[in-house]
Each structure stands twice: as structure tokens, then as C-alpha cells.
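Work through the exercises below with the model open. Try each task before you read its solution.

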Amino acid sequence: MSDEFQPGRPIVLRGGTVLPMDTAKSVLTNTDVLVVGDTIEAIGPSLTVPDGTAEIDATGGIVMPGMIDTHRHMWQTAMRGYGADWTLTQYFVFYYLQHGKTFRPEDIYAGNLLSAIEALDAGVTTTVDWSHNNHTTQHADAAVDALEAVPGRFVFAYGNIQAGAWEWATTPEFRDFVSRRMGKKDMIGFQMAFDVTGDPAFPEKAAFEVARDLGASVTTHAGVWGATNDDGIRLMYENGFMTPGTVYVHAATLSDDSYQRIAATGGSVSVSTESEQSCGQGYPPTWALRKHNIPVSLSMDTSVWWSGDLFSAMRATLGADRSREHLEAHKVGDTVTHANLRADQVVEYATRGGAAALGLDHVGQLAPGKKADVVLIKNDNSPVMFPILNPYGHVAFQAQRGDVHTVVVDGKVVKHDGKLVGIDLGAAKAAIENTVEYLQGALGQEAWAAGMNPDVPETKVLDNPYTYTDYRSSSTHGN
């Protein structure tokens, strides 16, 4: 690390346009943000700062809270872009039915390491690692090892697509892992990640009971066409497992009844718009969630398809919501004259919305006393970064990962002047190269090549993608 940003040295970002993400959606021009230790000390114009403070010129830029991704399958980043033309069916076939067990702990480590670095580079300072290929606890240890090697803030969501949640969550090995690795840590939180198939026997109850006993929130893929539906929501509700901490991922094919249950129990939805548009989980649901006042956060799902940044997520979410609004109006001969979903709302989804979903009240906003997770969007070499007339609109529609100038996490500068600071990208590249070579050898060149453009199976192998149960949900019970 350069001498400029030694640990413990105060930092001030001078003269930027600050989006504190307060309830008033304020825009503070020509404003400084002072960081002392791991905390925001002060926000205001022309601040007096301690001697020796490192100064970052934020003029012409936007200073905002670090973004928060509430659902990212980080282990899959080792196969970046591999599934660009997949459907959700092909994704299930590849990872759930065919090759998921091929991944060794070191491959989980490689994917997580690169994904964690990728997140920071794009201004995503908190990421939920929806880690659902932990078919051994050694895989989970490797995943957490990678997260701890990168100076970001993470939530480790433990899952296992190769077994029922009622199986892996009740093992001594899982309990031992939680005891060893998931203690009270400021930089790594903990969730349990599993889906509810809708089986009337509700075998997932045992996993929910473990989560309750551990004091862990549950994150679950809900309302996914062909996989999970209203039956799962009803079973969760009837058994008392819908809580304010529950995060429902996608929630794109649910009925009003299910949305009402989520709203009534204080849950939130992680919307992965690019994923829902491309894979077919259902239409990106912000248009429905707004009707029920359900809190929203954003996520990008997986880099096996999409870019690991939230600029694209914000842009896609605005586009999908407005497209649906226009379409519904046109069906009945009406014209939308005022868009309901605004740019400031999706920026809120990407920051304080994520913090609220994860119960992290110390991040997601810029205010004295909050943790210093701060992003400066500035690029003097880009014609796209001026003029900045509507800062929220600029973040949502104009800026992109290449415009992330400086990233501060927990008071530490991890990116400055467009370059990562104190992060060994070469080590991540070497780990990924090892994993790709291994996977190509394990699958064979023919299967590796075919996997990038697979045929849809002639038989309906995915009436139930969950190989650990015989229950068939979607085709027989509807969504």
C-alpha cells in the first residue's frame, strides 16, 4: 500500500457532490466527507480536518455509500461468461445435475477470491455470497478463506444444492463450521441459503429450526418459474418462519397473497433484474413489489452470465419496471405520463435497501457515526462524466464500473484513481487459471465446449431441479 493511505490515517474526500442516501434523498454540492478510523467523522463544506489527513479530490465527482449486493453466487465467477446463452434450465442441468460436484474446495476459493475483488472494483462494498455448492464443509471453509483474503464486507450465506437443507443443516459438521468460522465478525456476516420446494410435508422445517436456533436469517429463491412458488411461501408462513430478516430472491412469479404475506411479516426481496429477464424466473417484480410496499434490494446473481456490478442492475431495473408500466397501460388504451419508479429509488435499492435487507444499520448511508464504506464516482478522462445535472440519474443511467475512482471499506482505501490498492490481482488470476484448467480436464474438451451452448433436454428433467427430493412442484401445482 502506498504511504498516502496507511492504516489509521484520516481521509477526506473534498468538494464532491454527496449523495448521503438519507430519507430526504439529499444532494449536497461542494461537500467534504471526513473519515477517521473506520467511521465517517463529518460531512459538510470546507471541513477542518486533523493534521496529516490524506486528501482525495472529489470535485466533479459523486460521493455515495458503497453499494450492497444481496445475492451473488460468487463461486461461479471462475466460469465468468461461460453461460452467456444459457436458460435457467441449462444452468440447473450444468450445476445441479451434472458438474456441480466437480468443484473442489480450491475452485470455490478461486471463484470467491476473484468475485470479491470484482465487487470492490465496481464499488460494491458489501456482498452476500449465496454459496450453494458447499457439498462438504471443506468447500465452505475455502469460500470463507477467500472472503477473508479480500478487504471487503461480506455475508456468507451457506447452502448446498446437492442435498436437502434438512440434511446438511442438521449435521454436526455444519454446526462445527458455524462455530469455527461464523462468530461475531464485523466484516463477515452469516445467513443460511436454501429453497422451499412446496412439498406439503415441508421437510425444510428442520433447516428453518436450525436457523432459528443459530439466530441466522434465511435467504431463499422464491417465486422462480419451474422451481419454487406460492406453496413454499404459504408453508413458511403457516409454520412461522417468515421473519423481517428473510430475503426472498427473485420473487417474480408469486400471487398477491404471497406478496401480502411477505409484506405483513416484514421481509424483503432481492431483485436480480438481468437474471429474471434472461433466465425466465418471471418478470422482474419491482412493479408488483411497489404495490405492496415490500422493501427491495438489488443483486446481480452470477458472473457465469452477467457483469458483477450494480450499475447494470440499476439500469436494468428501471428499464424493466417502466417497460411493464407502459405495457400494462397500453393494454387498456392508456398512456403513462409520469414514471412511478425513479432513479433515486434504484440508487436507494442498491445502497440502504441492501443494508436494511441484511440488518446492517451501520452501512448503506453516509452520516457521522456510520461505517466508512464510501465510493467516489469520478472519471476526468470520460466524456460521460460531465455535466452532472441529475446526480441520481447519473448514477443509475450514465456511470459504470470504469468510473469508480475511489472505494473505501471500513475506513480503508481499497481502490484509488481507478486502480485497486493492496489487492493481489495476480494471485487471483493464477488461482482462476488453475481452476479453469482443472475443470476443462475434468469435464473433457467436448463436454466443456458443449456446456457453453447446450441443447435443452428432450425429457422434462427439471419438473423438479432439486435432486434431493422426489416432490414435483411447478408443473403440477402452478405458480
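The exercises cover salt bridges, a helix pair and some backbone details in this predicted model.

**Exercise 1. A bridge between two helices**

Task: Find the partner of Arg181 in a salt bridge, and state where the two residues lie.

Solution:
- Start with the atoms. Arg181 pairs with Glu148, and the closest N and O atoms are 3.2 Å apart.
- A salt bridge needs a side-chain nitrogen of Lys or Arg within 4 Å of a carboxyl oxygen of Asp or Glu, so the pair qualifies.
- Now place the residues. Arg181 is in helix H5 (residues 172-181), and Glu148 is in helix H3 (residues 137-148).
- They are 33 residues apart, so this bridge links distant parts of the chain.
- Check accessibility. Arg181 has a relative accessible area of 11%, which is under 20%, so Arg181 is buried.
- Glu148 stands at 41% and counts as partly exposed.

**Exercise 2. Bridges within a helix**

Task: Locate the salt bridges of Arg234 and of Glu328, and give the spacing of each pair along its helix.

Solution:
- Take Arg234. Its partner is Glu238, with the closest N and O atoms 3.2 Å apart.
- Both residues belong to helix H7 (residues 230-238). Because they are 4 residues apart, about one helical turn separates them.
- Arg234 is partly exposed, at 29% relative accessibility.
- Take Glu328. It bridges to Arg324, and here the closest N and O atoms are 2.8 Å apart.
- Helix H11 (residues 310-331) holds both Glu328 and Arg324. Their spacing is again 4 residues, about one turn of the helix.
- Accessibility splits this pair. Glu328, at 29%, is partly exposed, whereas Arg324, at 17%, is buried.
- Beyond such pairs, shared partners join Asp38, Arg153, Asp186, Lys371, Asp373, Asp410 and Lys412 into one network of salt bridges.
- The count for the model comes to 34 salt bridges.

**Exercise 3. A helix pair**

Task: Describe how H2 packs on H14: angle, distance, handedness and contact residues.

Solution:
- Two packed helices are described by the angle between their axes and the distance between the axes.
- Helix H2 (residues 105-121) meets helix H14 (residues 425-443) at about 140 degrees, and the axes are 9 Å apart.
- Classify the angle. Over 145 degrees would count as roughly antiparallel, and 65 to 115 as roughly perpendicular. The value falls in neither range, so H2 is oblique to H14.
- The crossing of H2 and H14 is left-handed.
- List the contact. From H2 come Glu106, Asp107, Ala110, Gly111, Leu113, Leu114 and Ile117. From H14 come Leu425, Ala428, Ala431, Ile432, Thr435 and Tyr438.
- Sort these residues. The contact has 9 nonpolar, 2 polar and 2 charged residues.

**Exercise 4. Backbone details**

Task: Which peptide bond is cis, that between Phe386 and Pro387 being the one to inspect, and what phi do Asn30 and Asn293 have?

Solution:
- Read omega. The bond joining Phe386 and Pro387 has omega of about -5 degrees and is cis.
- Pro387 sits in the loop between strand E14 (374-377) and helix H13 (391-398).
- Read phi. Asn30 has a positive phi of about 50 degrees, although it is not a glycine.
- Asn30 lies in strand E2 (residues 28-36) and is exposed, at 57% relative accessible area.
- Asn293 also has a positive phi, near 55 degrees.
- Asn293 belongs to the loop between helix H10 (286-291) and strand E13 (296-298). At 68% relative accessible area, Asn293 is over the 50% cut-off, so it is exposed.

Note on methods:
Residues are numbered from 1 along each chain as its sequence is written. This is a predicted model: local features need pLDDT of at least 70, side-chain atom pairs count only at pLDDT 80 or more; totals for chains, interfaces and linings use all residues. Side-chain values use heavy atoms; hydrogens and water are left out. Buried means under 20% relative accessible area, exposed over 50%, partly exposed in between (1.4 Å probe, protein chains only). Axes are lines fitted to C-alpha atoms, for helices over the stretch in contact, and angles run from 0 to 180 degrees between N-to-C directions. Angles under 35 degrees count as roughly parallel, over 145 as roughly antiparallel, 65 to 115 as roughly perpendicular and the rest as oblique. A crossing is left-handed if the near helix is turned anticlockwise from the far one by less than a right angle, and right-handed if clockwise. Contact means heavy atoms within 4.5 Å. Ala, Val, Leu, Ile, Met, Phe, Trp, Tyr, Cys and Pro count as nonpolar, Asp, Glu, Lys and Arg as charged, and the others, Gly among them, as polar.
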